[in-house]
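Hi,

Here is the structure I promised to send over. Have a look at it first, and then read on for what I found.

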Amino acid sequence: MNCPGCGEVMIIVEWAEVEIDYCLRCGGVWLDAGELELLLAGSLTDSKAREHFLAAFHHVAKTGEKKRKCPRCHKVMAKVQYGQELPVLFDKCVKEHGIFLDQGELAALLTSAGMRTDEPVFTYLKTLFQGN
Ligand SMILES: [Zn+2]
Ligand SMILES: [Zn+2]
């Protein structure tokens, strides 16, 4: 699969049962539908907290960010924002294939979701993303 951000072929890394597509060139991350929920499930065991987090995503009509295409269906993805104070802006397939996060955005998103930074998944992501 090619990176929606820069076009480079992405590699697949695995965390627990979750397959993460990762771009070695730009550090972007593609998560298929449901994978973000899986990443969160280990830490946000309270399903209410997870629902609350996911419900707080909202679409942004106009941004300065470049439009990207879904690597699965090649349709232009929507821009979705999470959070108000330190918003994370990312791409989401309109057909719900998944989301694309620029380097650092996955960690920012997980932190905003209330995940503690000493969670194993964080340690893993840090090692992975600092490796290049
Ligand atoms: Zn890339
Ligand atoms: Zn798609």
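Let me start with strand S7, which is covered on both faces: Gly 98 and Phe 100 are buried on one side, and Ile 99 and Leu 101 are buried on the other. Before you go further, keep in mind that this is a predicted model.

S7 has neighbours to look at. It pairs with S3 in the antiparallel sense, over four bridges, and there Val 29 stands opposite Leu 101. S7 also pairs with S6, again antiparallel, over two bridges. In that pairing Lys 92 has Ile 99 of S7 as its bridge partner. The hairpin of S6 and S7 has five residues between the strands, and Glu 96 takes a positive phi there, near 65°.

Now the metals, which you may want to click on next. The zinc ion (ligand 2) has Cys 70 (SG), Cys 73 (SG), Cys 93 (SG) and His 97 (ND1) as its protein donors, at 2.0 to 2.3 Å. The four donor atoms make angles of 100 to 123°, and the site is tetrahedral. Along the sequence the donor residues are spaced C-x2-C-x19-C-x3-H. Two of these donors come out differently in accessibility: Cys 93 counts as buried because its relative accessible area is 2%, under the 20% cut-off, while His 97, at 29%, is partly exposed.

The zinc ion (ligand 1) is held by sulfur donors: Cys 3 (SG), Cys 6 (SG), Cys 23 (SG) and Cys 26 (SG), lying 2.3 Å from it. Why is the arrangement here tetrahedral? It is because the four donor atoms subtend angles of 100 to 119° around the zinc ion (ligand 1). The spacing of these donors along the chain is C-x2-C-x16-C-x2-C. Distant parts of the chain are linked by one pair: Cys 6 sits in the segment before strand S1 (11-15) and Cys 23 in the loop between S2 and S3, 17 residues apart. Cys 23 is buried, with a relative accessible area of 0%, whereas Cys 6 is partly exposed at 27%.

On to the inside of the protein. The largest nonpolar core has 27 residues, and Leu 31, Leu 36, Phe 90, Leu 106 and Leu 109 have the most contacts inside it. Among the elements that give two or more residues to this core are strands S2 (18-22), S3 (29-32) and S7 (98-101), along with helices H1 (35-41) and H3 (105-112). H4 gives the largest share, four residues. There is also a second, separate core of eight residues, including Met 10, Cys 70, Met 77 and Phe 100. Cys 70 turns up again here, having already appeared as a donor of the zinc ion (ligand 2).

Helix H3 is worth a look from the end. Glu 105, Leu 106, Leu 109 and Leu 110 are buried in it, and they lie on the same side of H3 because they cover an arc of only 135° around the axis. Gly 114 follows H3 and has a positive phi, near 95°.

Last stop: His 59, in strand S4 (residues 58-60). Is His 59 buried or exposed? His 59 counts as exposed, since its relative accessibility is 55% and the cut-off is over 50%. Leaving out residues up to four places away in sequence, His 59 touches Ala 78, Lys 79 and Val 80. His 59 and Lys 79 are 20 residues apart in sequence, with their C-alpha atoms 5.8 Å apart in space.

Cheers

Conventions: Residues numbered from 1 in each chain as written. Chains lettered and ligands numbered in written order. Predicted model: local features only at pLDDT ≥ 70, side-chain atom pairs only at ≥ 80, totals over all residues. Heavy atoms only, no water. Core = buried A, V, L, I, M, F, W, Y, C linked by side-chain atoms within 4.5 Å. Buried < 20%, exposed > 50% of the residue type's maximum accessible area, 1.4 Å probe, protein only. Contact = heavy atoms within 4.5 Å. Donors = N, O, S within 2.8 Å, 3.2 Å for Na, K, Ca; no water. Tetrahedral: all angles 85-135°; square planar, octahedral: opposite > 155°, others 65-115°. Arc of directions from axis to C-beta. Pairing = 2+ DSSP bridges.
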